[in-house]
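Good morning, colleagues. I would like to take you through the interior of one protein model, moving from its cores to its strands and then to its aromatic rings. Please have the structure in view as I speak.

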Amino acid sequence: MKIGFLGLGHMGAPMAANLVKAGHDVLAFDPVPAAQEQAERDGATVVATAAEAADADTVITMLPNGTLVLDVYAEVLPAAKPGTLFIDCSTIDVADAKAAAVLATDAGHRALDAPVSGGVAGAAAGTLTFMVGGGDADFADALPILEVMGGKVVHCGGSGVGQAAKICNNMLLGISMIGLSEALVLGEKLGLSHQSFFDVVSTASGQSWALTNYAPVPGVVPTSPANNDYQPGFATALMTKDLGLAANALRDNGIDGQLGALAAAIYTRFNQTDSAKDFSAIVTDIRNRSDHEGAE
Ligand code: NAD
């Protein structure tokens, strides 16, 4: 199949490379020369404009934000042949995702929102989780392509509902990482070792994915970024972005989401100094702001 791929950054480059490996003809576009060179090495056909990448059966976008997605759609939709399937895998506002789908369908095309989780490692391994919003027939057509790049593909509902799943999950993750970190720092102050905390809480009612798979302190979960000076992983800048999207959605939809809004504010402040660190480093911020010495 001929697939246009726009946005060959940390995520897009390995995703496009996996499509090439699976035998697809990938027309790749990114304005950054280093990204173009990498795509060429990976076997894609690099084109000079976004519009040229739209000469395909399916067009995938993996871009930093919703404004760019809407700008790129305005440029590429008129260049695509009628009925082209547009799949946006970027993480963007639910409202922007719906607007992008309306732009595409008004131009005679088909559209899905299909944000991902799994990070750069999942993109490289082809094990991403896709959360898809859009119609049944379009989902069925997209499935074989998404399965090349992902290990799990969930059809969450209509247009925008894939993005809804993404921001709901990440809002919960941000809140739970803050809560876990507060409990860990309180435990430190009260003389509870990280290992004892883990041994009790990992099988008690306070258990969470953040603790058992991604503990924000070193020494208890070997693979967590805390063991590697909080190298991401999932950078604080990206968590801050996703919590901002969630906070917007809470506000726009009249939800009394006090913890979601507070988590966005807490990460926004941390992001001003430590945007490149893994988001689990929020525990160090909580410790630094506490009347507390002698952390383990
Ligand atoms: P990135 O900044 O590394 O890549 C974005 C790419 O888009 C860049 O290469 C940039 O040059 C390119 N771009 C900008 N304008 C363009 C245009 N007009 N046409 C084509 N390309 C253009 O970002 P990333 O980490 O790859 O993330 C991409 C998206 O995936 C974001 O929405 C992010 O929130 C989401 N996401 C990222 C991760 C992660 O771990 N990095 C995980 C899940 C979801």
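Let us start at Phe5, which, leaving out residues up to four places away in sequence, touches Gly12, Met15, Ala16, Leu19, Val26, Leu27, Ala28, Phe29, Ile60, Met62 and Met149. I should say at once that this is a predicted model.

Phe5 belongs to the largest nonpolar core, a set of 31 residues. Together with Met15, Ile60, Ile87, Phe130 and Met149, Phe5 is among the residues with the most contacts inside that core. Several elements each supply at least two of its residues: strands E1 (2-6), E2 (25-29), E5 (85-88) and E8, and helices H1 (12-21), H2 (33-41) and H7. Helix H7 gives the most, namely 5 residues. There is also a second, separate core of 30 residues, which includes Ala226, Tyr230, Leu243 and Ala264.

I turn now to strand E8, residues 128-133. How many of its residues are buried? The count is 5 of 6, and the strand is thus mostly covered. E8 pairs with strand E7 (residues 116-117) through 2 bridges, and these two strands run antiparallel. In this pairing, Val116 stands opposite Phe130. E8 is also joined to strand E9 (residues 150-157), here by 6 bridges and in a parallel arrangement. One of the pairings places Leu128 of E8 with Gly150 of E9 as its bridge partner. Between E8 and E9 the chain passes through helix H7 (residues 136-149), forming a β-α-β crossover that is right-handed.

Next, the aromatic rings. The model contains 5 aromatic pairs. In one of them, the ring centres of Phe234 and Phe279 are 5.7 Å apart with the planes at 70°; because that angle is over 60 degrees, the pair is edge-to-face. Phe234 sits in the loop between helix H10 (209-214) and helix H11 (236-252), whereas Phe279 sits in the loop between helix H12 (258-274) and helix H13 (282-289), so the pair ties together parts that are 45 residues apart in sequence.

Is Phe279 buried or exposed? With a relative accessible area of 1%, Phe279 is buried. Phe279 also pairs with Tyr267: the centres lie 6.4 Å apart and the planes are at 40°, so this pair is tilted. Tyr267 is in helix H12 and Phe279 in the loop between H12 and H13, and their pair links parts of the chain 12 residues apart. Tyr267 has a relative accessible area of 0% and is likewise buried. Both residues belong to one aromatic cluster, formed by Trp209, Tyr214, Phe234, Tyr267 and Phe279.

Phe234 brings us to a polar residue, Asn170, in helix H8 (residues 161-189). Beyond its neighbours within four places in sequence, Asn170 is in contact with Phe234, Met239, Asp242 and Leu243. The side chains of Asn170 and Asp242 are joined by a polar contact of 2.7 Å. Asn170 has a relative accessible area of 4%; because this is under 20%, Asn170 counts as buried.

Finally, helix H13. Its buried residues are Ile282, Val283, Asp285, Ile286 and Arg287. Which helices do they pack against? The buried residues of H13 pack against H8, H12 and helix H9 (194-201).

Thank you for your attention.

Methods. Residues numbered from 1 in each chain as written. Predicted model: local features only at pLDDT ≥ 70, side-chain atom pairs only at ≥ 80, totals over all residues. Heavy atoms only, no water. Buried < 20%, exposed > 50% of the residue type's maximum accessible area, 1.4 Å probe, protein only. Helix = DSSP H or I, 4+ residues; strand = E, 2+ residues; numbered from the N terminus. Pairing = 2+ DSSP bridges. Right-handed = clockwise from strand over helix to strand, strands pointing away. Phe/Tyr/Trp six-rings, centres within 6.5 Å; stacked < 30°, edge-to-face > 60°. Polar contact = N/O pair within 3.5 Å; in protein donor to acceptor, adjacent residues only side chain to side chain. Contact = heavy atoms within 4.5 Å. Core = buried A, V, L, I, M, F, W, Y, C linked by side-chain atoms within 4.5 Å.
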